[in-house]
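Hi everyone, thanks for making time this morning. I'd like to walk you through a structure, so please have it up on your screens.

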Amino acid sequence: MKPTAILLLHCPDEQGIISEITKFITDNHGNIVYLDQYVDCEDSMFFMRLEWDLENFMIPREKIEDIINTLYKVRYNMNFNLYFNDEKPRMAIFVSKMSHCLYDLLARYKAGEWNVEIPCIVSNHEDLSYVAKQFGIPYYVWSIKKDHSNKAEVEAAEMELLKKERVTFIVLARYMQIISDDMIKSYPYHIINIHHSFLPAFVGAKPYHQAWERGVKIIGATSHYVTAELDAGPIIDQDVTRISHKDTPESLVLKGKDLEKIVLSRAVTKHIERKILVYHNKTIIFS
């Protein structure tokens, strides 16, 4: 895998941005291997993902960010992030008692589908420790009391672990605890959650049973970034499947679990590939 640089940016739209940035790269002997852009005409905002080969690039990678800051940040009122494909994201997985999403994530990881490291799995229950053992990944448990009196202490310990393991983003694989504002602030738009798409129509316990009782015809799943407002963060991916009167609550649960695995894995894939931009609580997903 040749080393590449990945530039994600957004700024007010104006003529010449693409030509200026691409000229900067080609003038310095960089070979562009990916370019995707989008203009939000409602807000007159420009979004772009650009990736180029660093093999013959004349600027040392440690100086690229400073040069982009100097040349373009103020000039275009630009927000940007720079990544390198040989610097793997480090993903922590948070789980409770349901194993379907965890198994799917770990299977994709072990199959080599993702350019990512998974240094730890965190849980509030011992139940899934055997899964972590099967895949050879350290499993950490911090039980949270029913009255949440130790939650601050638990999150402090979790944050210490995440810092020690240099975790860059978190995946909530059906982790049944609310993340505190402090942790969210430490990982802005870097905590991915998955849930069924019945919210808010079927809140509370047994949403699939509630849906069955109502005779719904479509069920779904939604993956999104976690924000301080519960289940209201920028949506990354969604999908649905049709059901009928022949389905049972049990078959709805199975179909729902399949959707959750697929939708969560798609979101994780896009995050690992650095193909997501967040703007005004919605996402721009590059192809």
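**A walk through two sheets**

Let's begin with two strands that run parallel: strand S6, residues 117-123, is joined to strand S7 by 3 bridges. In that pairing, Val122 sits opposite Tyr140 of S7. Before I go on, please keep in mind that this is a predicted model.

So which sheet are we in? S6 and S7 belong to an open sheet of 7 strands, with mixed pairing, and the order across it is S7-S6-S5-S8-S9-S10-S11. At the edges you'll find strand S7, residues 139-141, and S11, each of which pairs on one side only. On average, neighbouring strands of this sheet are turned by 20° against each other, direction ignored.

Now move inward to S8, residues 169-172. Are the faces of this strand covered or open? Both are covered: Phe169 and Val171 on one side, Ile170 and Leu172 on the other, are all buried. S8 also has partners to either hand in the strand order. Strand S5, residues 90-95, runs parallel to S8 and is joined to it by 4 bridges. Strand S9, residues 191-196, is also parallel to S8, with 3 bridges between them. Val171 is a nice residue to click on here: it is the bridge partner of Ile93, and it stands opposite Ile192 in S9.

Next, the helices that lie on this sheet. Helix H3, residues 100-110, lies across S5, S6, S8 and S9, and runs at about 165° to S6. H8 lies across S5, S8, S9, S10 and S11, at about 30° to S10. While you have H8 on screen, find Val253, which is in this helix, residues 249-272. Is Val253 buried or partly exposed? Its relative accessible area is 22%, so it counts as partly exposed.

Compare that with Thr227, in the loop between strand S10 (218-225) and strand S11 (235-242). Thr227 has a relative accessibility of 17%, so this residue counts as buried. What does Thr227 touch, leaving aside residues up to four places away in sequence? The list is Ile184, Tyr189, Ala232, Gly233, Pro234 and Asn281. If you'd like a sense of distance, Thr227 and Ile64 are 31 Å apart in space, C-alpha to C-alpha, and 163 residues apart in sequence.

Let's turn to the other sheet. This one is open too, with 4 strands in the order S2-S3-S1-S4 and antiparallel pairing. Strand S2 (31-40) and strand S4 (79-84) are at the edges with a single partner strand each, so one side of each has no neighbour in the sheet. Here the neighbouring strands are turned by 10° against each other on average, again ignoring direction.

S3 has two partners worth tracing. With strand S1, residues 4-12, S3 (residues 45-53) runs antiparallel over 9 bridges, and Pro12 stands opposite Met45. With S2, S3 also pairs antiparallel through 9 bridges, and there Asn31 is opposite Asp53. S2 and S3 form a hairpin with 4 residues between them, and Ser44 in the turn has a positive phi of about 55°.

This sheet has helices lying across it as well. Helix H1, residues 17-27, lies across S1, S2 and S3 and runs at about 15° to S3. Helix H2, residues 61-76, lies across S1, S3 and S4, at about 165° to S4.

Last stop: the empty spaces. The second largest pocket has a volume of about 460 Å³. It is lined by 21 residues, and those closest to its centre are Leu8, Asn81, Tyr83, His190 and His271. Which strand supplies the largest share of that lining? That is S4, with 5 residues. S1, S4 and strand S12 (276-279) each give at least two. By type, the lining is made of 11 nonpolar, 6 polar and 4 charged residues.

As for cavities, how many of 30 Å³ or more does a search of the whole structure find? The count is 1, with a volume of about 30 Å³. Its lining consists of Ile144, Lys151, Glu155, Glu158, Tyr175, Gln177, Ile178 and Ile179, which divide into 4 nonpolar, 1 polar and 3 charged.

That's the tour. Thanks for listening!

How values were computed: Residues are numbered from 1 along each chain as its sequence is written. This is a predicted model: local features need pLDDT of at least 70, side-chain atom pairs count only at pLDDT 80 or more; totals for chains, interfaces and linings use all residues. Side-chain values use heavy atoms; hydrogens and water are left out. On a 1 Å grid over the protein atoms alone, a cavity is a set of points where a 1.4 Å probe fits but cannot get out, and a pocket is an open set with protein on both sides within 12 Å along at least five of seven lines; lining residues have an atom within 4 Å of a point. Grid points are joined across faces, edges and corners, and a volume is the space filled by probe spheres set on the points. Ala, Val, Leu, Ile, Met, Phe, Trp, Tyr, Cys and Pro count as nonpolar, Asp, Glu, Lys and Arg as charged, and the others, Gly among them, as polar. Two strands pair if DSSP finds at least two bridges between them. Axes are lines fitted to C-alpha atoms, for helices over the stretch in contact, and angles run from 0 to 180 degrees between N-to-C directions. Contact means heavy atoms within 4.5 Å. Buried means under 20% relative accessible area, exposed over 50%, partly exposed in between (1.4 Å probe, protein chains only).
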